[in-house]
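Hi,

Here is the structure I promised to pass on. Have a look at it first, and then read my notes underneath.

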Amino acid sequence: QAGAQSVRVMLTAERITPRLIAVASGKGGVGKSTLSTNLAIAMARAGRSVGLVDADIYGPSQPRLMGVEGVKPEAEGKMMIPVMGAGGVPFLSMGQLVNPGQAIAWRGPMAGNALSQLVDAKWDNVRDIVVDMPPGTGDIQLSMIQKHKPIGAVIISTPQDLALIDAMRAISFFDTAKVPIIGLVENMAGYLCPNCGEMSDPFGSGGAEAAAKELGIPFLGRIPLDIKIRVESDAGTPPAMGEGPISDAYGAIAQMVAT
Ligand code: ADP
């Protein structure tokens, strides 16, 4: 009887450790946060138990994209409880640790502690956490790799050469740390003019696919430059929640990220 009791206690005490999937870019402004949100929502729609962590210390934009701006997470003891975001995805952000609009100017160890608070939160049954990383290869990235060991990294880039060179730096960073590259996503690829219907390529096209091939890493797909993506994301209702070709494109990437 006592034995059965202690087995039961052990089972309830056991916690699933979620697997971390890092979403990274070589530089800012290429659409990393937008991809992270939409990818997490698309994964949830595909039935995955997924959460989202916004670790972008330089510009935590996820609270807005997830429609929970200004919502402070509660805590249970020392553990933060994720808030429910858009698409039913539980979520925590660096932005929730400071007041909205306040700059985050933490040195390495503090930033690392903040990341740990978000990752080691009360995720309950969440199996995968998509982590929106800050751009580049700084303290947060190091702490992520050394302490939290993501199962893989999704790299996002726009198609032009300069952005791709930056993306390659991010790829080599994860490579060196033996974090598998899940693949490369090309964002802002192709613009369909809403007035004349003509397709143009403001940042070039196909660059990321060619780079992925050259590097021998999977190409996960491309997302067009579409004003709807910005408008819907800014409104806290990211396009992956809806229907249509853009939602399908995020869905297809989510399938490729499934392990
Ligand atoms: P990052 O996280 O790389 O800094 P964001 O995801 O914040 O980039 O995107 C930068 C801006 O570009 C945001 O205003 C976002 O809404 C917009 N954006 C991102 N991807 C697209 C896209 N495919 N089409 C249109 N706008 C986009």
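**What I found**

Just after helix α2 comes Gly 47, which has a positive phi, near 95 degrees. Before going on, note that this is a predicted model, so local features need pLDDT of at least 70 and side-chain atom pairs count only at pLDDT 80 or more, while totals for chains, interfaces and linings use all residues. Numbering starts from 1 along each chain, as its sequence is written. Helices (H or I, at least four residues) and strands (E, at least two) are DSSP runs, numbered from the N terminus.

Back to α2. Its 14 residues should span 20 Å at 1.5 Å a residue, and the end C-alpha atoms are indeed 20 Å apart (the expected span is 1.5 Å times one less than the number of residues). The helix is mostly covered, with 13 of its 14 residues buried. By "buried" I mean that 20 or more other C-beta atoms lie within 10 Å of the residue's own; exposed is 12 or fewer, partly exposed is in between, and C-beta atoms are placed from the backbone.

Now the ligand. Its shell holds 17 residues, and the closest are Gly 31, Lys 32, Ser 33, Thr 34 and Arg 230 (near means that the C-beta atom, placed from the backbone, lies within 6 Å of the molecule or strand). Which elements supply at least two residues each of that shell? They are α2 (32–45), β9 (181–192), β11 (219–225) and α8 (227–234). By type, the shell has 5 nonpolar, 9 polar and 3 charged residues. Here Ala, Val, Leu, Ile, Met, Phe, Trp, Tyr, Cys and Pro count as nonpolar, Asp, Glu, Lys and Arg as charged, and the others, Gly among them, as polar.

UniProt, in an unreviewed entry, puts a "binding site" at Gly 26, Lys 27, Gly 28, Gly 29, Val 30, Gly 31, Lys 32 and Ser 33. Those positions are in the numbering used here, feature names are shortened, and annotations may be inferred rather than shown by experiment. Two of these residues are worth a look:

- Gly 28 sits in the loop between β1 and α2. It counts as partly exposed because it has 15 C-beta neighbours inside 10 Å. Leaving aside neighbours within four places in sequence, Gly 28 is in contact (C-beta atoms, placed from the backbone, within 7 Å) with Tyr 58 and Pro 135.
- Lys 32 is in helix α2, and counts as buried because it has 27 C-beta neighbours inside 10 Å. With the same four places set aside, its contacts are Val 23, Ala 24, Ser 25, Asp 132, Pro 135 and Ile 156.

Strand β1 (residues 19–24) is mostly covered too, with 5 of its 6 residues buried. It runs parallel to β7 (residues 128–132), joined by 5 bridges, and Val 23 stands opposite Asp 132 there. β1 is also parallel to β8 (residues 152–157), through 4 bridges, with Ala 24 opposite Ile 155. (Strands pair if DSSP finds at least two bridges between them.)

Last, two backbone oddities. Lys 178 has a positive phi near 60 degrees without being a glycine; it lies in the loop between α6 (161–176) and β9 and is exposed, with 8 other C-beta atoms within 10 Å. Met 188, also not a glycine, has a positive phi of about 60 degrees. Is Met 188 buried or exposed? This residue of strand β9 counts as buried, with 26 C-beta neighbours inside 10 Å.

Cheers

Note on methods:
Two residues are in contact if their C-beta atoms, placed from the backbone, lie within 7 Å.
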